[in-house]
Amino acid sequence: MRKMKDGVSIMFITNKVYEAIVNNVPDVFLESGGIIGGYHNIIYFVEFDNGIHNRSVFKCHYTPDVKYLNRCIKAWRKRRIDFYGIFHTHFYGVSTLSEGDKQYIKRIMQSMPDSKTVLYFPIVVLPEREIVSYICVRNNGKITITEDSIIIVQEI
């Protein structure tokens with residue numbers, strides 16, 4: 001279940017996680033990312049991942065270290081932290097998802113259990129260090145990806 005405000009989907013994220021993400025992604029021209037998680041539909045946790053880099057492939061491409069991130073998700077599950085999605089960086093002020101991003105997001109959602117119907121895929125836009133969020137929703141087998149609003153909440 002996702003939180004809504006006036007019929008619009010919203011990604012809720014704590015100020016600590018938001019700041020950790022925008023302040024700790026590298027400025028180097030290699031895309032990076034990580035996973036986000038939490039509980040009660042609020043993102044409280046982040047795990048950074050430098051990805052798998054093949055220098056002969058595009059530098060502006062993030063390939064997650066799936067084995068590492070899956071181990072993190074498994075450890076989170078033991079602590080009752082829900083996996084909420086994956087973030088990654090885009091350079092040159094690009095705030096939109098590429099076709100490759102969209103296809104990868106759809107594959108991730110298709111691999112999720114039926115009980116997981118919503119995931120978030122924020123982009124950290126560099127050099128601005130702003131986050132633009134996208135939400136992926138699975139409803140009756142149909143997967144949609146749309147830009148999402150963000151509300152930063154103070155962690156108690």
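**View 1. Burial and exposed surface of the protein.** Of the 156 residues of this predicted model, 44% count as buried, where buried means under 20% relative accessible area, exposed over 50% and partly exposed in between (1.4 Å probe, protein chains only). The protein exposes about 9,200 Å², of which carbon and sulfur atoms supply 52%, with accessible areas taken from the Shrake-Rupley method with a 1.4 Å probe. Residues are numbered from 1 along each chain as its sequence is written. In this predicted model, local features need pLDDT of at least 70, side-chain atom pairs count only at pLDDT 80 or more, and totals for chains, interfaces and linings use all residues, while side-chain values use heavy atoms and leave out hydrogens and water.

**View 2. Order of the secondary structure elements.** Three helices and nine strands make up the secondary structure of the protein, both being DSSP runs numbered from the N terminus (helices H or I, at least four residues; strands E, at least two). From the N terminus on, the elements follow the order β-β-α-β-β-α-β-α-β-β-β-β.

**View 3. The salt bridge between E99 and K102.** The structure holds one salt bridge, a term for a side-chain nitrogen of Lys or Arg within 4 Å of a carboxyl oxygen of Asp or Glu. The side chains of E99 and K102 form this contact at 3.4 Å, N to O. Because E99 and K102 lie three residues apart in helix α3 (residues 99-111), about one helical turn separates them. E99 counts as exposed at 52% relative accessibility, whereas K102, at 31%, counts as partly exposed.
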